[in-house]
Amino acid sequence: MALMTFIEAIRDTLAEEMRRDEAVIVLGEDVGKKGGVFLATDGLWAEFGEHRVIDTPLTESMIVGASIGAAVNGLRPVAEIQFADFIHPAFNQLVSEAARMRYRSNNAVGLPMTIRAPYGGGVHGALYHSQSVEAFFTHVPGLKVVVPSTPHDARGLLRSSIRDEDPVLFFEHKKMYRSVRGDVPDGDFVVPLGRARVTHPGSQVTVIAYGLMAHYALEAADRVAEDGISVEVVDLRTLRPLDKDTVLTSVRKTGKCLIVYEDNRFGGYGAEVAAIVAEEAFDYLDGPVTRIAGPDVPGVPYNHVLEDWFMVDPQKIVAGIRKLAAY
Amino acid sequence: MAATDPATKPATGRRSGRTVADRLGADMGLPDEDLLGMYRMVALARAVDERMWILNRAGRIPFVISGQGHEGAQVGVTWAFQKDHDWIAPFYRSIAMCLTFGMTARDIMLAQYAKASDPSSGGRQMPGHYGDRRHNLLSVSSPVATQILHAVGIALAAKIRGTGQVALAAMGEGSSNQGDVHEALNFAAIHKLPFVLLIENNGYAISVPAAMQVSVPDVAMRAAGYGIPGVVVDGSDVLACYAVAKTAVERARGGEGPTLIEAKVTRLTGHSSDDQQTKYRTEEELAAEKGRDALPRFRDQLRAAGVLTEAIEASLAEELTAIVHDATEFAEAEPDPEPSTALRWVYAEDWPSEGPPPWGFGDGSRG
């Protein structure tokens, strides 16, 4: 057991997987000598060399497209998109190609590849260093989308992602890289993809969240506990495939469902969770399925007052819980 | 170009009357067996392709996208690659390329009919979206030029793993304008990857002529921007295409990096069965284009060299007719895919959250 930061868990896991399997390579912008702009790949270039830790040109479509080809021909690429905001030039390669290759070849060609990308706001990153992009990709069958919230899960889920036979988008909230610490067990444990976790048991309101919002949901649960409101927090961990059982079991127990996400509210990932809950747990509901999410503006503004206004935080979640609990 | 030109070389009509050095293909190490094999592939691709159009016009298959006019370049270039070792990322006109690399006429026809046993996609993709994992032919999609990055990634893996493989990507000149082409060539050139790009320039991106798509006379000129060789070759000259590809493959396998080959070909049909090209091409132009067809040119070349005899031609014609009939009848009789299989292979394993729609799977009929 070791206490480590979120980014240390990612870095150590990358190194371990590269030691374990020589088919694992890392590629992306500045991932080599510099070790990545957040230092997620620090030390890999020195240990594994330039053939397995590849500094790419500023070409996101190439990073993903070449990863597809490398996966076809026997490697397990782990690509880094420097910021999730810059993944859009690779959208076609991810959505038209990576997601569809197994299906369109009738299982002749699978793509064991992982795309890591830091996402999220609250770090003075403004419009183009703060985006939450998960909803673009959770919409697409054939992609798996993972958003860990703890060093333990980062390690266990990254292992599962790298060892998975299909393309996985692995989104890491950049505000958590150094602010979140946690115990990580030794040994070769994995956290399976597609399994949510109840991180705070409760009986009156279910709060569903992921990534940084999973932490804020726990904070909010503690605060409203002082008012006597019992909250159950579900950390989804994998957004697609979604662990519907854990979500529905919790909502059927509490009868109230609040979904928290940092992305723009309209058409965000939580909208799909809300639809599933409304369809499949309707008879158990004792209040409206509710979302607390980012406002519908095209990006997180830079100025700190505006950024604070944009960001979902524990207090905004508390307000949402209180309102829902009062039904 | 190293290829022999029959127009400048009197043919004896008898192989035995010529020295070894004179023999057609000798300068590239191609025995008669290979010359006939290449010709057979060009002719087979054409025969299958022509049957596809007949089936479409007869209402048997809903869609055709054709390789007619591209076959010579495809066969010549593909012949330089090592089957079941090297990799090809083809495109929707690559029928001759896929046949040359191991797919059969039945395989192609199964794709036209979109049957369950179609090796390209099990009937999931439109016709022309070939692919065959057994033969290192990567599955084709419809967004153009994406495959170049896959071939470059395959080449990257070949270099890292030390497999000695070379990867080929093929596309039209219209596709060559996509940003992925720039990103791919830049990366392949930086790392001297074992990669070859074949641009099959037929002069049209559906209806838009090359002059409106490409700012330079030859796409191959762009190779200079990456510091790699860019070669223009007459796509109706099969042996010339083989020669440039052979050089490119040797370069690639030798660690010297990628080559861009631009084969000037012709498009003898509309863009697809849904296109009427007389709307944007004149009758005169279309008639002239027929003169750039590799099939008769290669046939005349092999006849003149004494490689293709009347007896061989007659037996080949008979064989091809039989193959096309067999492939058509076989594919037509094969079963359609079952709706109950349509949820399979979204991922390697089934996931409970990806369940069937409320209407289940039905009985597979069109209601």
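Start your tour in chain B by selecting residues 195–201, which make up strand β3. Of its 7 residues, 7 are buried, so this strand is largely enclosed by the rest of the structure. Keep in mind as you click around that you're looking at a predicted model.

Now show the side chains of that strand. In a regular strand, side chains alternate between the two faces of the sheet. Colour B:F195, B:L197, B:I199 and B:N201 for one side of β3(B), then pick another colour for B:V196, B:L198 and B:E200 on the other. Both faces are covered, and every one of these residues is buried.

Next, add residues 167–172 of chain B, which is strand β2. How many bridges join it to β3(B)? There are 6, and the two strands run parallel. For a pair to zoom in on, try B:L168, which stands opposite B:V196 in β3(B).

Stay in chain B and hunt for an empty space. The structure holds 5 cavities of 30 Å³ or more, and the stop here is the second largest, with about 60 Å³ of space. To find it, select these lining residues:

- B:P90, B:F91 and B:Y92, which are among the lining
- B:V140, B:S141, B:S142, B:P143, B:V144, B:A145 and B:Q147, also part of it
- B:M171 and B:S175, which belong to the lining too

What kinds of residues are these? The lining has 8 nonpolar and 4 polar residues, with no charged ones.

Time for some cysteines. Select B:C98 and B:C241: the sulfur of B:C241 is the nearest cysteine sulfur to B:C98, yet it is 17 Å away. A disulfide needs the two sulfurs within 2.5 Å, and B:C98 is in none. Neither is B:C241. In fact, the count over all chains is 0 disulfides. Are these two buried or exposed? B:C98 counts as buried, at 0% relative accessibility, and B:C241 is buried with a relative accessible area of 0%.

Finally, hop over to chain A and switch to a cartoon view. Here you'll find an open sheet of 7 strands with mixed pairing, in the order β3-β2-β4-β5-β7-β6-β12. Look at the edges: β3 (53–55) and β12 (238–240) each have a single partner strand, so one side of each has no neighbour in the sheet. From one strand to the next, the twist averages 20°.

For your last selection, take β4 (residues 76–80) and β5 (residues 114–119) of chain A, which run parallel and are joined by 3 bridges. Click on A:E80 and you can trace it to its bridge partner in β5(A), A:R116.

Notes
Residues are numbered from 1 along each chain as its sequence is written. Chains are lettered from A and ligands numbered from 1 in the order in which they are written. This is a predicted model: local features need pLDDT of at least 70, side-chain atom pairs count only at pLDDT 80 or more; totals for chains, interfaces and linings use all residues. Side-chain values use heavy atoms; hydrogens and water are left out. Buried means under 20% relative accessible area, exposed over 50%, partly exposed in between (1.4 Å probe, protein chains only). On a 1 Å grid over the protein atoms alone, a cavity is a set of points where a 1.4 Å probe fits but cannot get out, and a pocket is an open set with protein on both sides within 12 Å along at least five of seven lines; lining residues have an atom within 4 Å of a point. Grid points are joined across faces, edges and corners, and a volume is the space filled by probe spheres set on the points. Ala, Val, Leu, Ile, Met, Phe, Trp, Tyr, Cys and Pro count as nonpolar, Asp, Glu, Lys and Arg as charged, and the others, Gly among them, as polar. Two strands pair if DSSP finds at least two bridges between them. Helices (H or I, at least four residues) and strands (E, at least two) are DSSP runs, numbered from the N terminus. Axes are lines fitted to C-alpha atoms, for helices over the stretch in contact, and angles run from 0 to 180 degrees between N-to-C directions.
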